Amino acid sequence: MKKKLKQYLFISLGWVFVLLGVIGAVLPLLPTTPFLILALACFAENSPRFHRMLLNHRWFGPPLQQWEKTHTMRRAVKKKVYLLIIVTFTISITVLWGRTGLQLMLVAICLILLWFISRIKEAESLV
């Protein structure tokens, strides 16, 4: 019974992380990739079917496969992530024009995200 409860807990957490990752693909403050990596980890031992589903997904699959095998990210993916972060935060900062405190907070979050992404090792080859 305890094992089943743990399995259901991790599967539920995995789906929460998938949902947050999908929302993060649209909203600038939520990062997509870390949530999907967490979902992948939750599904790894508890739901091989959902684990395969994420790894074989048309959009998210290749970067997740790369991460699972080597804990690296291709340079092209990193460039897209940098661009997406900069564009979405620029839009958010522009929308908040005149609210200096919030703008500075967004700049700080943006810089932290860019720093986090820059620390991920690069791999040129695809999986």
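This is a guided tour of a predicted model, arranged as a series of selections to make in the viewer.

**The whole chain**

Begin with the entire protein in cartoon view. Its secondary structure amounts to six helices and zero strands, and the order along the sequence reads α-α-α-α-α-α. Switch to the C-alpha trace, which extends about 55 × 35 × 25 Å along the principal axes. Of the 127 residues in the protein, 32% are buried. Among contacts with a separation of 6 or more, 62% join residues that stand 24 or more positions apart.

Next, display the surface. About 8800 Å² is exposed, and carbon and sulfur atoms contribute 71% of that area. Colouring by charge brings up 16 positive and 4 negative side chains. The centres of these two sets are 7 Å apart.

**Helix 2 and its cover**

Select residues 32-46, which form helix 2. This helix of 15 residues covers 22 Å from its first C-alpha to its last, close to the 21 Å expected at 1.5 Å a residue. Which residues of helix 2 are buried? They are Thr 32, Phe 35, Leu 36, Ile 37, Ala 39, Leu 40, Cys 42, Phe 43 and Asn 46. Now add helix 1 (2-24), helix 3 (48-55) and helix 4 (61-70) to the selection; what covers the buried residues of helix 2 includes these three elements.

**The aromatic cluster**

Keep helices 1, 2 and 3 in view and show the aromatic side chains. The structure contains four aromatic pairs. One of them joins Trp 15 and Phe 50 in an edge-to-face arrangement, with 4.9 Å from centre to centre and 80° between the planes. Because Trp 15 belongs to helix 1 and Phe 50 to helix 3, this pair ties together parts that are 35 residues apart in sequence.

Are the two partners buried or exposed? Trp 15 is partly exposed, at 33% relative accessibility, whereas Phe 50 is buried, with a relative accessible area of 16%. Phe 50 also pairs with Phe 43: the ring centres lie 5.4 Å apart and the planes meet at 55°, so this pair is tilted. Phe 43 is one of the buried residues of helix 2, and its relative accessible area is 0%. Select Trp 15, Phe 43 and Phe 50 together to see the cluster that the ring pairs create.

**Val 16, one step along helix 1**

Move to Val 16, which also lies in helix 1. Val 16 counts as partly exposed, at 43% relative accessibility. Draw a distance from its C-alpha to that of Phe 89: the two atoms are separated by 24 Å, and the residues are 73 apart along the chain.

**Thr 72, in a loop**

Finish at Thr 72, in the loop between helix 4 and helix 5 (75-95). Although it is a loop residue, Thr 72 is buried, with a relative accessible area of 11%. Which residues does Thr 72 touch, not counting those up to four places away in sequence? Its contacts are Gln 66, Trp 67, Ile 120, Lys 121, Glu 122 and Ala 123. As a last distance, join the C-alpha atoms of Thr 72 and Ala 39; they are separated by 17 Å, with the two positions 33 residues apart along the chain taken as their separation. Ala 39 itself is among the buried residues of helix 2, which returns the view to that earlier selection.

Notes. Residues are numbered from 1 along each chain as its sequence is written. This is a predicted model: local features need pLDDT of at least 70, side-chain atom pairs count only at pLDDT 80 or more; totals for chains, interfaces and linings use all residues. Side-chain values use heavy atoms; hydrogens and water are left out. Helices (H or I, at least four residues) and strands (E, at least two) are DSSP runs, numbered from the N terminus. The expected span of a helix is 1.5 Å times one less than its number of residues. Buried means under 20% relative accessible area, exposed over 50%, partly exposed in between (1.4 Å probe, protein chains only). Contact means heavy atoms within 4.5 Å. Accessible areas come from the Shrake-Rupley method with a 1.4 Å probe; for residues, only the protein chains shown count as cover. Lys and Arg count as positive and Asp and Glu as negative; His and the chain ends are not counted. The place of a charge is taken as NZ of Lys, CZ of Arg, CG of Asp or CD of Glu. Rings of Phe, Tyr and Trp (its six-membered ring) pair if their centres lie within 6.5 Å; planes under 30 degrees apart count as stacked, over 60 as edge-to-face and the rest as tilted.
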